[in-house]
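Here is a short note to read with the model open beside you. Take the points one at a time and find each element as you go.

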Amino acid sequence: MSEPAQLEFRTAIRDALAEEIERDPDVVFFGEDVAAAGGVFKATPELHERFGEERVFDTPISELALAGAAFGAAVTGLRPVFEVMFGDFMALPMDSLVNQAAKFWYISNEQAPVPLVVRSAVGGGGRFGAIHSQFHATWFQGVPGLKIAAPSNPADAKGLLKAAIRDDNPVIFLEHKRLYSVKGPAPENGDVVPLGQANVVREGSDLTIVSIAKGVPDSLAAAEQLAADGIDSEVIDLRTLRPLDLETVLRSVEKTNRVMAVEEGPRLGGWAANLVGALAAEALHDLDDAWVVATGETPIPYSPPLEDRFIPTPDSIAAAARERASSRG
Amino acid sequence: MSDVDLPVDGPTGEGESAAPDATAQAGTRPALDEPARFVQGFERMVLIREFEHEIHRLFLKGEVHGTTHLSAGQEAVPVGVCMALEPSDYVAGTYRGHGHALAKGTPPEPLAAEMLGRATGVCGGRAGSMNVIDLEHGLVGCFGIVGGSIAAATGAALSAKRKGGVAVAFFGDGATNQGYFHECLNFSQVLRLPVVFVCENNFYGEFTPMHQVTAGAAISARGAAYGIPARVVDGNDLLAVEQAAAEAVAVARSGSGPSLLECQTYRHYGHSKSDPATYRPKGELESWLERDPLVVTRARLVEAGVTDERLDEAAERAKETMARAADAALAAPYPDPEREGASEFAP
């Protein structure tokens, strides 16, 4: 069977960058090993050669300087995109992103926007250990003024990154390592995917599964397993964690009355528990059941059997749904 | 020896005391070919001094809230540096930043109104004393976390490199022990960014003497490690600051990259409103008051042929300007929480 034009996730990232650098002379892209080397995950090859040192350049390993410089450049007329290689490294530029970039629009009394994007490779399953595997979105979800996007497929990777670069706010953009080699349908006409709109990727009537990034294909695989058991699942890809499209989830829950939020991260303080809380506050009358599938409450282990048990998988997601269905009738 | 030029115009900052150094009177002096500019600079220094005294009074009356960090005693640094800049150039200031804003051109009335939390404040009362932003006058921001200004100016220089202009970071001696300082000096030199790093060395990081917590001989020497030209400047002498800044700004405009100026000065008040500065050795403040930047600058200008009468008139104008600004700021309304209409995101 022949497929429509296929796009690899890492190529989608590269194409989005190339198209936006081409489109807007104020867009610049920099980071550690992003230019000459083309990125350690090979997500940004040939951009340096194509656009030159003025637009695409390598930097020192100085995350605080990178983020601070991006902030200063963004409020003075550039649209910087920079890479913090692994999301875990985002602990270093926290001050610049949280205390400078995120607050500027509001405390300046809206004098100027802060159009910057920081891209990082995130997530577990790659045997990178505790400090190169985190899905760090929740470090930032409680910070007003920041947007957080995490695509689940190549078309969204391109469309969301293009939207992030065009957005006039600081955007934290998360690329799951285990998705870089995934191929999927190319977007039509280079479509931009707006930030803040969740996507119903599978329709169903018995259960709503909500996730983001790699959790979405895992939830879709789980939904296929559940369908064989007679459980018809709706799967929602949040696409962004801030702003959070609660409306789309509420509409689904109104229909299914059951919701399972799947997070690659700890339950306590996570986005999934927060989402379930918001659903309870808004629509308790629609809910027969609501729960969270998350990781354990330890750092991410290295050893393959330990890591495989730690992170939600299609099997563990489906098992959680079956167990919940049987215990609740 | 480093191949980096480290001319010394003033006190070296070495040794255990923060007392002003007699050698500050020595060194080369700029020719005063444009006295009117320097009289204006003197007037701006007096305005900053009056502004800080007024904020101090208003704080004691309960009109300024939270905390505030006053820069009285340090006025020559921002004024001298900003005299070397164009209106379109950028500066980033610190939480002791009232002088940075006034020197770059923020009018005193909206600045005072910001301190008072009023709707007419330069940031509508949303920012307060520590976080003032005034892009219309090139003030990228004042930063409440030590060292933040260094990165913001580095970023503004990234824009300036493409679009023209120069960026200046003001920061204190304490910031030179932050990662921001070291990362951004390296980053900006590697990229040859048009930025001038201006350290206002007032010899205290909050309550702690600089020499207790700062390794190495002098802050200026840290420039050499990055191949960045650096110099020590008498930060209480407007003419010396302006000359050093003009040279550093010229280097930046020529595309040759960053410079570091260690401007040695002293704050007359404590660190913040909760600090009576009892940690200062007896007599230290008094010896610095003898080298008050208003006294030093006045003497330099008189020596250059400006009359005392002309300087008195400038000072009087500044005092009247500040009195009017304070009255207007106090008469301004508070923001109405019911009508604030804040948006989290830019559209």
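1. A word on naming before we start: helices are DSSP runs of at least four residues in state H or I, and they are numbered from the N terminus. In this predicted model, A:V98 belongs to helix α4 of chain A, which covers residues 94-107.

2. Stay with A:V98 for a moment. Is this residue buried or exposed? It is in between: a residue needs 20 or more C-beta neighbours within 10 Å to be buried, and A:V98 has 19, so it counts as partly exposed. Have a look at A:F140 too: A:V98 and A:F140 are 42 residues apart in sequence, yet their C-alpha atoms are 7.8 Å apart in space.

3. Next, find helix α3 of chain A, residues 63-74. How far should its 12 residues span? At 1.5 Å a residue the expected figure is 16 Å, and the end C-alpha atoms are indeed 16 Å apart, so the two agree. The helix is mostly covered, with 12 of its 12 residues buried; among them are A:E63, A:L66, A:F71 and A:G72.

4. Still in chain A, strands β13 (residues 258-266) and β14 (residues 289-295) pair in parallel over six bridges. Within this pair, A:A261 sits opposite A:V292 of β14(A). To get from β13(A) to β14(A), the chain passes through helix α9 of chain A (residues 271-283), making a right-handed β-α-β crossover.

5. Now move to chain B, which has an open sheet of six strands with parallel pairing, in the order β2-β1-β3-β4-β8-β7. Why do β2(B) and β7(B) each have one side without a neighbour in the sheet? They stand at the edges, each with a single partner strand. From one strand to the next, the twist averages 20°.

6. At one of those edges, β7(B) is joined to β8(B) (residues 259-264) by five bridges, and the two run parallel. B:A230 is opposite B:L260 of β8(B). Helix α9 of chain B (residues 238-253) packs on the sheet, touching β4, β7 and β8 of chain B, at about 170° to the direction of β8(B). Helix α5(B) lies across β1, β2, β3 and β4 of chain B and runs at about 175° to β3(B).

7. Finally, see where the chains meet: 32 residues of chain B are in contact with 31 residues of chain A. On the chain B side, α5 (148-163) and α6 (179-190) each supply at least two residues, and α5(B) gives the largest share, 11 residues. That side of chain B is made up of 19 nonpolar, eight polar and five charged residues.

How values were computed
Residues numbered from 1 in each chain as written. Chains lettered and ligands numbered in written order. Predicted model: local features only at pLDDT ≥ 70, side-chain atom pairs only at ≥ 80, totals over all residues. Contact = placed C-beta atoms within 7 Å. Nonpolar A, V, L, I, M, F, W, Y, C, P; charged D, E, K, R; others polar. Pairing = 2+ DSSP bridges. Right-handed = clockwise from strand over helix to strand, strands pointing away. Expected span 1.5 Å × (residues − 1). Axes fitted to C-alpha atoms, helices over the stretch in contact; angles between N-to-C directions.
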